[in-house]
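Here is my note on the model you sent. The points are numbered, so reply to them in any order.

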Amino acid sequence: MDDPFVVVGGDAAGLSAASKYRRENPDGDVLVFERGKWVSYAHCGTPYYVKGEVDRLTDLLSLSPEEAAERGIDLRREHEVVAVDTDAQAVTVDGNGEQFEQSYSDLLVATGAQAVTDPIPGSDRAMAFTMHGLDSAAAVRAALADPDEPAVDTSIEYVDAELVERYADRDPPDRVAVVGGGYVGIEMAEAFRAHGLETHVFQRGPHLLPQFGDAVCERVAEHLREQGVTVHLNTAVTELAGGDSVAAVVHEEGRVPVDLALVGIGIAPNTDLLDGTPVELGESGAVAVDEYGQTNVDTVYAAGDCSEDRHAVTGASTWVPLGLTANRAGRAIGQTVAGRPEPVGDVAGTAVVKAFELECGRAGLVHEERASDAGFDPVSVSIDAGSRSGYYPGGDETTVTLTADRPTGRVLGGSIVGRDRAAIRIDTLATALESDLTVAELERLDLAYAPPFSPVWDPILVAAKVLRGKLES
């Protein structure tokens with residue numbers, strides 16, 4: 001290949017870009033380097049694989065290497081890009097036991113993010129895990145299974161069989177700890193309880209899922225306790241103690257004996273590859289890009305969990321490492337590099353999470369403090385409303401928090417929590433944010449109504465009605 005479009009990273013953003021580039025430019029060459037074995041997989045599905053709702057790791061693959069080849073993509077797994085020379089427009093690659101140079105016409109950095117374990121000593125002990133990647137998921141599921149009943153198929157080509165077998169030979173745990181009360185922590189607590197394990201969740205702050213606002217946080221904590229999870233709030237973990245293997249979680253006021261610990265305290269963008277290059281990073285530490293995903297270097301793009309995006313409400317750069325963001329940006333960049341420019345799109349931070357029977361959603365600026373910091377004069381309300389007509393069975397109380405800017409009435413963000421199709425309702429709010437709707441305009445939306453699906457006034461509309469009254473009082 002002479003100067004192909006080179007992509008570093010074979011997951012959501014990288015292979016979306018490569019696929020779209022090939023569709024737009026069938027005669028063009030695209031070369032994807034992936035340092036691992038797994039490509040294009042559903043990271044968000046890993047807790048459900050550990051839980052047992054997903055049978056095989058390969059069920060989480062979106063695009064296999066064979067399918068990538070059928071699309072005309074030159075995908076090279078177990079090839080790590082170790083350096084970038086933007087002047088020469090070339091990358092240095094380690095693969096197949098050798099190092100070589102590969103030139104490029106355009107370069108996409110789609111290196112994703114990595115799980116953070118610092119500053120918790122003992123995170124490197126056996127039976128201490130993160131949930132970042134399919135091999136992590138396979139190791140945890142193997143550790144939970146009885147040695148006589150293997151839970152992971154190690155004949156699958158991509159599976160790290162040595163890692164799996166290391167944990168499959170152990171007796172399964174009775175007590176587990178989840179360090180961190182974010183998305184991964186909540187989902188993994190559910191997975192562990194599904195295996196009948198005594199489960200503790202440690203959160204250093206006062207709330208679980210803090211990005212979702214107080215109304216959601218309080219309801220989630222109460223629900224986890226109802227499900228048998230011991231919730232430790234305002235409890236900073238100082239060490240995962242033990243010998244070769246984790247034996248206890250140590251915190252400021254004591255220790256809790258455990259047999260397994262899952263650390264889910266966050267992720268950090270993988271940008272080390274760009275050290276020493278003129279490519280600029282943003283305040284978050286992720287790569288700074290423009291509306292087309294292009295960096296300050298003309299031929300270099302970035303997308304996915306390693307790059308920033310523009311916030312739909314504030315207009316400022318932000319880092320929102322989520323699946324749709326990565327796929328959408330990668331696809332747009334593939335089209336742009338092929339010669340038909342396409343913006344990567346703004347982000348509103350729209351996210352949903354399942355906490356046992358509760359569904360939680362958020363979008364935009366949920367907290368008044370953040371809205372104030374962004375220059376708005378925020379006003380918020382929280383309301384409870386039924387998810388269906390009161391006389392129709394199956395409904396549940398749904399809590400909606402809505403925030404708006406007082407002088408303009410513009411909707412800034414909000415959250416929702418409930419048991420009955422609450423999460424999907426956040427898409428209405430996300431659309432309002434993308435369209436810069438005011439609270440009055442949101443209240444006037446013609447949303448669908450039928451007793452099995454919604455009351456006449458959808459909970460989002462109820463919140464808008466109440467907030468409008470507050471704004472006008």
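Which side chains meet in a salt bridge at 2.8 Å, N to O? The first point takes this up. Please keep in mind that this is a predicted model.

1. **A buried charge pair.** The answer is Asp 458 and Arg 425. The two residues are 33 apart, and their salt bridge links distant parts of the chain. Asp 458 sits in the loop between α11 (439–443) and α12 (459–472). Arg 425 sits in the loop between β25 (411–418) and α10 (426–434). Asp 458 is buried, at a relative accessible area of 7%. Arg 425 is buried too, with 7% relative accessibility.

2. **A helix tied to a strand.** Glu 190 and Lys 354 form a salt bridge, 2.5 Å from N to O. Glu 190 belongs to helix α6 (residues 183–194) and Lys 354 to strand β21 (residues 351–355), so the contact ties together parts that are 164 residues apart in sequence. Is each partner buried or exposed? Glu 190 has 4% relative accessibility and counts as buried. Lys 354 has 33% and counts as partly exposed.

3. **Other salt bridges.** The structure holds 23 of them. Side chains of opposite charge can pair when their charged atoms come close. One of these bridges joins Glu 53 to Lys 51, with 3.2 Å between the closest N and O atoms. Glu 53 is exposed, with a relative accessible area of 52%; the cut-off for that class is over 50%. A network of salt bridges links Arg 219, Glu 226, Glu 357, Asp 396 and Arg 419.

4. **Strand β21 and its hairpin.** In a regular strand the side chains alternate between the two faces of the sheet. The covered face of β21 carries Ala 351, Val 353 and Ala 355. Val 352 and Lys 354 are on the uncovered face. Strand β22 (residues 358–364) runs antiparallel to β21, and five bridges join them. Val 352 has Gly 361 in β22 as its bridge partner. Two residues lie between the strands of this hairpin, where Phe 356 takes a positive phi near 55°.

5. **The parallel sheet.** This open sheet has five strands, ordered β3-β2-β1-β7-β18, and the pairing is parallel. Its edges are β3 (74–77) and β18 (300–302); each has a single partner strand, so one side of each is left without a neighbour in the sheet. On average, neighbouring strands are turned by 15° against each other, direction ignored. Strand β7 (residues 106–109) and β18 run parallel and are joined by three bridges. Val 109 has Ala 302 in β18 as its bridge partner.

6. **The antiparallel sheet.** Here three strands form an open sheet, in the order β4-β5-β6, with antiparallel pairing. β4 (79–85) and β6 (98–103) are the edge strands, and each pairs on one side only. The twist averages 25° from one strand to the next. Six bridges pair β4 with strand β5 (residues 90–95) in the antiparallel sense. Opposite Glu 80 stands Asp 94 in β5.

7. **Helix α1.** What span should the 13 residues of helix α1 (residues 12–24) have at 1.5 Å a residue? The expected value is 18 Å, and the end C-alpha atoms are 18 Å apart, which agrees. Of the 13 residues of α1, 10 are buried, so the helix is largely enclosed by the rest of the structure. Among those buried are Lys 20, Tyr 21 and Arg 22.

8. **Aromatic contacts.** The count comes to five aromatic pairs. One of them, Phe 129 and Tyr 167, is tilted, at 4.8 Å centre to centre and 55° between the planes. Phe 129 is in strand β9 (residues 128–129) and Tyr 167 in helix α5 (residues 161–168), so this pair ties together parts that are 38 residues apart in sequence. Phe 129 is buried, at 7% relative accessible area. Tyr 167 also counts as buried, at 6%.

9. **Charges over rings.** The charged end of Arg 141 sits over the ring of Tyr 49, 4.3 Å from its centre. Likewise, the charged end of Lys 465 sits over the ring of Trp 457, at 3.8 Å from the ring centre.

Note on methods:
Residues numbered from 1 in each chain as written. Predicted model: local features only at pLDDT ≥ 70, side-chain atom pairs only at ≥ 80, totals over all residues. Heavy atoms only, no water. Pairing = 2+ DSSP bridges. Helix = DSSP H or I, 4+ residues; strand = E, 2+ residues; numbered from the N terminus. Axes fitted to C-alpha atoms, helices over the stretch in contact; angles between N-to-C directions. Salt bridge = Lys/Arg side-chain N within 4 Å of Asp/Glu carboxyl O. Buried < 20%, exposed > 50% of the residue type's maximum accessible area, 1.4 Å probe, protein only. Phe/Tyr/Trp six-rings, centres within 6.5 Å; stacked < 30°, edge-to-face > 60°. Lys NZ or Arg CZ within 6 Å of the ring centre and 35° of its normal. Expected span 1.5 Å × (residues − 1).
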